[in-house]
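User: I'd like to learn how to read a protein model. Could you take me through some features step by step?

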Amino acid sequence: MGTPVNIVVGSHVWIEDPEVSWIDGQVLKINGKDAEIEATNGKKVVANLSKIYPKDMEAPPGGVDDMTKLSYLHEPGVLQNLKARYELNEIYTYTGNILIAINPFQRLPHIYGAHMMQQYKGAPFGELSPHVFAVADVAYRAMINEKKSNSILVSGESGAGKTETTKMLMQYLAFLGGRAGTEGRTVEQQVLESNPVLEAFGNAKTVRNNNSSRFGKFVEIQFDKSGRISGAAIRTYLLERSRVCQINDPERNYHCFYLLCAAPQEEIEKYKLGNPRSFHYLNQSKCYELADVSDAREYLATRRAMDIVGISQKDQEAIFRVVASILHIGNIEFTKGKDIDSSVPKDDKSKFHLKTTAELLMCDADALEDALCKRVMITPEEVIKRSLDPQSAAISRDGLAKTIYSRLFDWLVDKINNSIGQDPNSKSLIGVLDIYGFESFKSNSFEQFCINFTNEKLQQHFNQHVFKMEQEEYTKEQINWSYIEFVDNQDVLDLIEKKPGGIIALLDEACMFPKSTHETFANKLYQTFKNHKRFIKPKLSRTDFTIAHYAGEVLYQSDQFLDKNKDYVVPEHQDLLSASKCYFVSGLFPPLPEETSKSSKFSSIGSRFKLQLQSLMETLNSTEPHYIRCVKPNNQLKPAIFENVNIMQQLRCGGVLEAIRISCAGYPTRRAFFEFINRFGILATEAMEANCDEKAGCQKILEKMGLHGYQIGKTKVFLRAGQMAELDARRAQVLGNAAKVIQRCVRTHQARKHYLALRKKSIYVQSRWRGRLACKLYEHLRREAAARKIQKNVRRYESRKAYKELHVSALTLQTAIRAVAARKKFRFKKQTKASIIIQARWQCHKAALYHKRLKKGAIVTQCRWRGRIARKELRKLKMAARETGALQEAKDKLEKRVEELTWRLQLEKGLRVRYMFCG
Ligand SMILES: Nc1ncnc2c1ncn2[C@@H]1O[C@H](COP(=O)(O)OP(=O)(O)OP(=O)(O)O)[C@@H](O)[C@H]1O
Ligand SMILES: [Mg+2]
């Protein structure tokens with residue numbers, strides 16, 4: 001692999017590194033065949049020039065979607081590309097036709113879902129990003145167009161994502177071939193829902209995968225003429241039976257046991273179950289729960305799936321009753337009985353479980369005890385019942401549990417198949433294979449042997465398909481081609497399956513001899529394959545053997561090979577259960593035909609598996625295969641961890657690197673002349689002329705395009721990697737240009753039509769709009785005028801009101817001031833009048849006083865005067881009275897006169913006083 005490139009000082013290169021597989025660096029010095037390199041981790045390394053590879057410094061940082069597009073195709077380039085893509089959550093990458101899928105260990109809903117399916121539907125392969133839907137789409141289209149069956153082979157190690165990928169493939173095929181809008185249970189729904197049912201009974205948590213499928217599966221989806229799903233068949237391979245009785249910490253037994261223990265309370269009571277910790281078959285490991293999984297919910301989901309698949313409620317009840325019975329069987333312990341080498345249930349607890357098991361399986365409790373603790377020996381003379389010691393009884397018990405479980409699993413598969421139904425008229429099918437990948441652990445037993453045998457078979461199929469067929473084609477077409485060497489594994493397959501003399505045949509032989517042990521079996525292997533280059537006898541062991549598989553050497557421990565290969569039901573168990581009163585249990589153990597039960601009790605799992613594989617390979621050989629290689633990026637089962645060494649190993653085992661090498665070295669693309677001209681004729685129209693023959697036409701096209709390195713065979717054109725893409729790109733360009741012209745005209749016409757309509761409409765809209773605006777403006781003006789009027793009136797009213805208030809205030813003020821002034825004036829007048837009066841009074845008073853004094857003075861004067869005159873007269877009278885008698889009279893007259901004057905004086909005085917008071 002790799003492109004020969006000159007490596008000089010300063011070149012960027014990849015060198016091998018024990019920790020990260022490949023590390024990049026720059027060449028500092030070159031000494032002959034060695035180069036000194038400074039790696040990016042700072043280390044200086046000296047490496048042979050043949051072991052270093054150039055690094056593509058111009059490679060796109062996000063990687064390329066097809067490895068064959070890499071400029072430098074070599075291991076580190078491939079690894080780097082996968083890594084760069086994985087970091088961007090691009091988990092799918094093509095390698096030619098092979099899809100590499102790296103487990104993201106996280107949900108990526110954006111790349112699945114209905115919208116994605118819609119996008120991939122009918123899209124040419126390679127046009128969209130690599131995807132499992134694209135592979136399914138190619139298979140489906142090929143099936144429809146070529147009326148040929150296709151198969152999709154999904155492989156990878158445990159936890160790499162095979163089952164998830166398979167489910168997605170099935171979902172997509174159901175999407176393509178489903179009956180849209182159909183109500184009720186459709187075939188595709190049943191096919192999809194068979195997955196949760198099989199997973200509940202055939203999957204378990206292991207250290208490598210929390211939902212590890214412990215069986216292989218090949219699902220054939222049958223399609224009718226119109227491409228609709230019309231039936232399906234599920235074939236399963238090699239269920240891991242030993243898990244039922246024996247589990248290692250921190251693994252779990254099959255999911256169904258834990259689901260049943262988490263079932264609704266009435267079912268728990270019905271089956272006398274309880275906490276999984278109380279059952280021997282479950283409590284050998286301390287792991288009971290799965291992170292983020294609710295067993296109770298899963299139980300209900302499984303029941304729902306069973307409904308959809310078509311398993312009746314009655315059958316479901318019987319299934320879970322049998323599952324419960326297996327848990328109870330596991331709790332039956334044995335102790336020594338009265339007789340030597342005999343056994344009986346250990347205590348009351350064991351008796352209880354024995355009784356419950358018998359109840360659940362609807363068989364006789366004593367017969368069950370006998371079947372577990374005794375064996376019937378048939379000698380020519382008589383039938384003897386032999387007791388088993390406690391240890392053998394426990395083995396017998398476990399054997400019974402395993403047999404029941406594996407029969408139950410087979411029943412489920414049959415039931416699903418019958419319920420979905422096969423379409424006898426179907427002409428084409430798509431098979432999806434989800435089968436265990438190559439396994440090599442510290443300790444490898446019969447299961448690993450069978451699994452690796454399967455992978456050898458599949459690898460050969462892969463080889464045949466990718467390499468052999470390719471080379472045959474080149475030969476057939478008589479093109480110049482130097483054979484590329486590839487590792488053919490036919491010799492390993494011969495070692496394992498050849499009849500007679502292969503390992504499986506020898507194992508069967510050993511199983512049939514009662515005295516054989518694993519040691520004798522191993523010795524036989526050592527002898528037979530002494531010189532086989534694929535078989536190695538380890539120096540220090542007497543029972544182990546190593547097989548050099550295509551993916552590496554695996555050391556097998558032969559200890560349990562014999563036991564695990566024997567597949568026969570102990571007749572006592574068979575009789576017991578076929579006599580069960582439960583139709584379901586007796587149905588699991590139908591009575592054997594007379595002759596088989598007598599003639600051979602032995603049937604070999606290895607041989608049966610070999611036959612199954614043969615039949616699978618026949619099916620696969622009759623289909624067009626598509627390969628998906630699943631890769632597990634790390635053993636922690638966590639997202640975003642990319643372990644280089646681990647991944648490199650998986651790519652090697654999956655044949656991906658080999659396929660890349662071969663594919664790129666050869667002519668990965670080929671087309672029949674007619675097809676080629678049909679497709680690429682538009683690149684050189686002269687090639688389409690009537691008198692030009694097809695071969696010459698192809699030649700013309702290729703020459704015109706200036707391609708080199710292609711070959712023209714008898715009927716086909718052979719292109720180097722990437723050339724098809726280049727031709728397609730040119731074709732797309734020509735078609736694109738033509739399409740552009742058509743589009744331009746159509747668009748112009750449409751645009752003008754649209755424009756005119758738009759203009760008319762816009763004018764109409766404008767006029768309406770302007771009218772509306774004018775109305776609005778008028779309304780606005782009208783409102784403004786009205787507002788002004790209202791304002792005017794309001795203002796006037798307010799001014800008037802203010803003026804009135806002011807006026808009234810002024811008047812009030814004026815009145816008040818005037819009142820004050822008037823009052824002041826009045827007071828002044830009053831005061832003046834009073835003073836005048838006072839003055840008048842005073843003056844009056846003064847005048848009166850003066851008058852009075854004057855009057856008094858006058859009166860006094862008058863009085864004095866008159867007195868004086870009176871006295872002068874009196875004296876004259878007194879003198880005349882003296883003068884004799886005449887004088888007396890004169891005297892009386894005078895006295896009268898005085899009296900009258902006195903009275904007048906008195907009157908004057910009274911008048912004067914009254915006058916004074918009156919004034
Ligand atoms: N495309 C995917 N998207 C998200 N998670 C995935 C995807 N593929 C695999 N996983 C995760 O990886 C786990 C293991 O995958 P899966 O069960 O398909 O492995 P497997 O190859 O079938 O292993 P086994 O051989 O043990 O059955 C799944 O339970 C799931 O969590
Ligand atoms: Mg699986």
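Analyst: Let's go through a ligand site, a pair of helices and some backbone details. Keep in mind that this is a predicted model.

User: Okay, ligand first. Which residues come nearest to ligand 1?

Analyst: The general idea is to start with the neighbours and then look at single atoms. Here, 19 residues surround ligand 1, and S158, K162, T163, S212 and S213 come nearest.

User: Which parts of the chain supply that shell around ligand 1?

Analyst: Helix 4 (162-177) and strand 10 (212-213) each give at least two residues to the shell. Helix 4 has the largest share, with four residues.

User: And how many shell residues are nonpolar, polar or charged?

Analyst: Around ligand 1 you'll find five nonpolar, 10 polar and four charged residues.

User: Now the single atoms. What lies 2.6 Å from an oxygen atom of ligand 1?

Analyst: That's a polar side-chain atom of T163. The backbone joins in too: a backbone N or O atom of S213 is 2.7 Å from an oxygen atom of the ligand, and a polar backbone atom of G159 is 2.8 Å from an oxygen atom of ligand 1. As for cover, ligand 1 taken alone exposes 630 Å², and the protein buries 89% of that.

User: Next, the helices. How do I describe two that pack together?

Analyst: You give the angle between their axes and the distance between the axes. Try it on helix 15 (residues 503-512) and helix 16 (residues 518-528): the angle is about 145°, and the axes are 10 Å apart. The crossing of helix 15 past helix 16 is right-handed.

User: Which residues make that contact?

Analyst: From helix 15 they are I503, L506, L507, E509 and A510, while helix 16 brings F521, K524, L525 and T528. Sorted by class, the contact of these two helices has six nonpolar, one polar and two charged residues.

User: Last one: what should I look for in the backbone?

Analyst: Most peptide bonds are trans, and most residues other than glycine have a negative phi. So look for the exceptions to that pattern. The peptide bond from D249 to P250 is cis, with omega near -5°, and P250 is in the loop between strand 12 (229-237) and helix 6 (255-261). The bond from K499 to P500 is cis as well, with omega near -5°; P500 sits in the loop between helix 14 (490-497) and helix 15.

User: And where is D292 found?

Analyst: D292 is in the loop between helix 7 (265-270) and helix 8 (295-309). Its phi is near 65°, a positive value in a residue other than glycine.

Terms used. Residues are numbered from 1 along each chain as its sequence is written. Chains are lettered from A and ligands numbered from 1 in the order in which they are written. This is a predicted model: local features need pLDDT of at least 70, side-chain atom pairs count only at pLDDT 80 or more; totals for chains, interfaces and linings use all residues. Side-chain values use heavy atoms; hydrogens and water are left out. Axes are lines fitted to C-alpha atoms, for helices over the stretch in contact, and angles run from 0 to 180 degrees between N-to-C directions. A crossing is left-handed if the near helix is turned anticlockwise from the far one by less than a right angle, and right-handed if clockwise. Contact means heavy atoms within 4.5 Å. Ala, Val, Leu, Ile, Met, Phe, Trp, Tyr, Cys and Pro count as nonpolar, Asp, Glu, Lys and Arg as charged, and the others, Gly among them, as polar. A residue is near a molecule or strand if one of its heavy atoms lies within 4 Å of it. A polar contact is a pair of N or O atoms within 3.5 Å; within protein, one must be able to donate a hydrogen and the other to accept it, and residues adjacent in sequence count only if both atoms are side-chain atoms. Accessible areas come from the Shrake-Rupley method with a 1.4 Å probe; for residues, only the protein chains shown count as cover.
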